[in-house]
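User: I would like to learn how to read the features of a model like this one, step by step. Could you take me through a helix, a sheet and a loop residue?

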Amino acid sequence: MTSALAPDDPEIARAKSEGASVIISSGGVSVGAYDFVKDALDALGADTKFWQIAMKPGKPVVLSRLRGRLYFGLPGNPVSCMVSFLLFIAPALRKAMGQTRALIPPTVITRLMGPLKSRGDRRNYLRVRVVARDGELVAYPMSAQGSGVSTSMVQANGFAIVEMGVTAARAGETITTVLVAAPFSD
């Protein structure tokens with residue numbers, strides 16, 4: 001597997017992608033003035049499988065098939081990019097490389113050690129530090145949860161899932177959590 005970095009220039013990106021079986025980009029997939037990826041894919045005749053997911057962080061994610069290649073477009077915000085990569089792209093790459101088991105990160109039930117808030121408008125993946133303590137998994141929410149706050153990923157090893165329609169989860173409640181690394185021990 002090789003990689004090629006390309007600046008925010010459609011012509012350079014097109015040239016760098018020649019010969020690739022999978023293309024992964026970050027940024028340019030939302031609806032802002034500099035978000036040209038989706039329009040460029042449409043202009044090239046790509047078959048878009050999905051674009052914009054009802055989740056936070058990571059709403060602007062695109063998956064297209066273009067000339068026999070898979071194209072994954074990730075959001076530009078650091079946490080949105082990381083969460084989307086771990087939930088969608090890493091499993092797809094595992095499958096493409098022939099892995100047949102453990103494609104997606106496991107989910108576990110954890111006990112919240114602090115409250116979580118959500119607007120309730122979409123599924124939220126909130127960063128937590130999962131610790132194995134006294135025979136149970138406990139989840140400590142990261143203090144900053146913004147999609148541009150990359151420090152929230154430094155100590156996080158899980159994403160507590162706050163479902164659409166839910167605006168809060170209280171300390172002491174149990175919650176489904178995606179494990180992206182092994183639980184820490186107390």
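User: What follows helix 3, and what is the sign of its phi?

Analyst: In this predicted model, helix 3 is followed by Gly98, whose phi is positive, near 95°. Helix 3 itself spans residues 78-96 and bends by about 45° at Phe85.

User: Which residues of helix 3 are buried, and which strands do they pack against?

Analyst: An α-helix has 3.6 residues a turn, so residues three or four places apart point the same way. Here the buried residues include Val79, Val83, Leu87 and Ala90, with Ser80, Ser84 and Pro91 also among them. The buried residues of helix 3 pack against several strands, including strand 1 (22-26), strand 5 (69-74) and strand 8 (123-133).

User: In what order do the strands of the open sheet run, and which stand at the edges?

Analyst: The sheet has 4 strands in the order 1-5-4-2, with mixed pairing. Strand 1 and strand 2 (47-51) stand at the edges with a single partner strand each, so each has one side without a neighbour in the sheet. From one strand to the next, the twist averages 15°. Helix 3 packs on this sheet, touching strand 1 and strand 5, and its direction makes about 165° with that of strand 5. Strand 5 also pairs with strand 4 (residues 62-66) in the antiparallel sense over 5 bridges, and Arg65 has Leu70 in strand 5 as its bridge partner.

User: Why does Arg119 count as exposed?

Analyst: The cut-off for exposed is over 50% relative accessible area, and Arg119 counts as exposed because its relative accessibility is 64%. Arg119 lies in the loop between strand 7 (116-117) and strand 8, and, leaving aside neighbours within four places in sequence, Arg119 is in contact with Lys56 and Thr167.

Methods
Residues are numbered from 1 along each chain as its sequence is written. This is a predicted model: local features need pLDDT of at least 70, side-chain atom pairs count only at pLDDT 80 or more; totals for chains, interfaces and linings use all residues. Side-chain values use heavy atoms; hydrogens and water are left out. The bend at a residue is the angle between axes fitted to the seven residues ending there and the seven starting there. Helices (H or I, at least four residues) and strands (E, at least two) are DSSP runs, numbered from the N terminus. Buried means under 20% relative accessible area, exposed over 50%, partly exposed in between (1.4 Å probe, protein chains only). Contact means heavy atoms within 4.5 Å. Two strands pair if DSSP finds at least two bridges between them. Axes are lines fitted to C-alpha atoms, for helices over the stretch in contact, and angles run from 0 to 180 degrees between N-to-C directions.
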